[in-house]
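I opened this entry to record what I looked up, chain by chain, before going back to the bench. My notes follow the order in which I went through the model.

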Amino acid sequence: MDSEEKTRRRLRVRWPRLYRWMLAEIEREIEIHPGYADLQNQFGLFLMGGGELKKAENHFREALRLNPKYREAALHLGFLYVETERWKEAEKIFLLEVRRHPKDGFFRHALGILYLQTGRLKEAAAQIQKAIQVHSYYRDHYRKKGVWQGGMVHLNQETKGVLRRIHLNQHDAQFCNFVGLYLARKGKSKQAVQELRKAARLKPDEFIFHANLGTVYAYQGVYPKAIREFQKALKIDPSYGMGYANLSFVYGLMCRTREALRCMKKAVRMNPQYADLRYNLALLYSDRKRYEEAAFELKKALRINPGYLLARINLGVLYEDRGRWKEARREYRKILQITPKDEHIRRRLERIS
Amino acid sequence: MLKEDFVIQSNVRQILIRSNIDYSRITFGTVKGVVYLRGIFKSAFHHTDGSIESAADFTIKSLQSLEKKIKGIPGVIDIEFELTNWTKAGGQWIPKKKQEDG
């Protein structure tokens, strides 16, 4: 069985018709935007998932030509070479990426697998050890799999299989994630959930799979599951600021505004330059009659984006309600300077003039 | 009971995400139960035969549907549309001239 057939069998594309349709869609997008490295990488991944390795290679290479520092494309191309046993080419890619990202354990891990496959056990052990040093995740993972015991790397036939599975899972998970996202974009949220769940199962430490799953659950209206997935994503990557914003919106949909406020505050703290989050935080404060804090956030939003008319409307109404007519008029006039035909604001201004 | 603005805002957001509207061109906000929608109204896709008339019909139906859904959110008092390419006059949606059509 050749490597293309092996890949095809392993991935067992669940919906062949849909898969072909998605390929055609991405191909069309590439025709429109041939210079998008993301699309080239995505197309390569889809082709690789379908076992079309030669074509996939060309698209990964194109992605890297367009963006030579594209980590994911390098990773996919490297693994394609591993799959096709083109060890030297794979090694060249992984070594380059290790130099570029010395703290990225996954490329060390990839090198470890490569050396293991080619019988270079000493070098394999050294790379695995380095992967453990740069990222604690690998220590726990290798320990669970029996590769790391008593402060030493243990390599035998069994652990060789385990390590190989990790890199296959990495690729398969990325593939499922892309398929899931594509299905979600096309409104096929039930199938999207299946794919994204598979991605998260294959690589449970990848925050973005949980974040995407949370987004699709929220879209479906399955809010408790959406919350659980966003929380998982945040546990893996606490710096995922938009995760808090997404959580806040879900709590909002459930009318749980106390939790929504807590999360939105964190989202703003982590994304202080995102005017829209400040706007939403202002709404939460205003709902709780914390008007000074609401005004503060709206002013901040306007400092970030002076053309943010909705923030200005809220600020004007807030001043109006507090009897601060002069300030309210000032905000309404500013809005009318930008949109002079806004009858609603004109009426508001006339009422307090 | 008056619903909180943030709850309304989250619901409007959800409606836009679930709709066939290109919501990246629309900004929206909520002030004391009044929902504001501004920007360019454009469908993300058309279920039409490709003619200008049927595309406009489809957009009008999308606008009516959006309006109905937002009005259905508990606590929403009114909707203020300030779209650059569509306007409502005498209860009818009409495209604005010399603007990007929907």
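I began with a hairpin in chain B, keeping in mind that this is a predicted model. Strands S4(B) and S5(B) form this hairpin with 2 residues between them, and in the turn I noted that B:Gly90 has a positive phi of about 55°. The two strands, S4 (residues 86-89) and S5 (residues 92-95) of chain B, run antiparallel and are joined by 4 bridges. Within that pairing I found B:Lys88 opposite B:Trp93 in S5(B).

Next I turned to the sheet of chain B, which is open, has 3 strands in the order S1-S2-S3 and shows mixed pairing. Its edge strands are S1 (26-31) and S3 (78-83) of chain B, each of which pairs on one side only. From one strand to the next the twist averages 15°. I then followed S1(B) and strand S2 (residues 34-39) of chain B, which pair in the antiparallel sense over 6 bridges, and I noted that B:Thr30 stands opposite B:Val35 in S2(B).

I also checked the length of helix H1 (residues 5-18) of chain B. Its 14 residues should span 20 Å at 1.5 Å a residue, and the end C-alpha atoms are 20 Å apart, so the two values agree. In the same helix I listed the buried residues, among them B:Phe6, B:Val7, B:Ile8 and B:Val12, and the list also includes B:Asp5 and B:Gln9.

For the interface, I recorded that 21 residues of chain A are in contact with 20 residues of chain B. On the side of chain A that touches chain B, the elements giving two or more residues are helices H14 (241-253), H15 (257-270), H16 (275-287) and H18 (309-321) of chain A. The largest share of that side, 6 residues, comes from H16(A). By class, I entered 12 nonpolar, 7 polar and 2 charged residues for this side of chain A.

Last, I looked at backbone angles in chain A. Which residue in the loop between helix H5 (71-83) and helix H6 (87-100) of chain A did I note? It was A:Glu85, which has a positive phi of about 55° although it is not a glycine. A:Glu85 counts as exposed because it has 10 C-beta neighbours inside 10 Å, and the cut-off for exposed is 12 or fewer. A:Lys289, in the loop between H16 and helix H17 (291-304) of chain A, likewise is not a glycine and has a positive phi, of about 60°. With 7 other C-beta atoms within 10 Å, A:Lys289 is therefore entered as exposed.

Definitions and conventions. Residues are numbered from 1 along each chain as its sequence is written. Chains are lettered from A and ligands numbered from 1 in the order in which they are written. This is a predicted model: local features need pLDDT of at least 70, side-chain atom pairs count only at pLDDT 80 or more; totals for chains, interfaces and linings use all residues. The expected span of a helix is 1.5 Å times one less than its number of residues. A residue is buried if 20 or more other C-beta atoms lie within 10 Å of its own, exposed if 12 or fewer, and partly exposed in between; C-beta atoms are placed from the backbone. Two strands pair if DSSP finds at least two bridges between them. Axes are lines fitted to C-alpha atoms, for helices over the stretch in contact, and angles run from 0 to 180 degrees between N-to-C directions. Two residues are in contact if their C-beta atoms, placed from the backbone, lie within 7 Å. Ala, Val, Leu, Ile, Met, Phe, Trp, Tyr, Cys and Pro count as nonpolar, Asp, Glu, Lys and Arg as charged, and the others, Gly among them, as polar.
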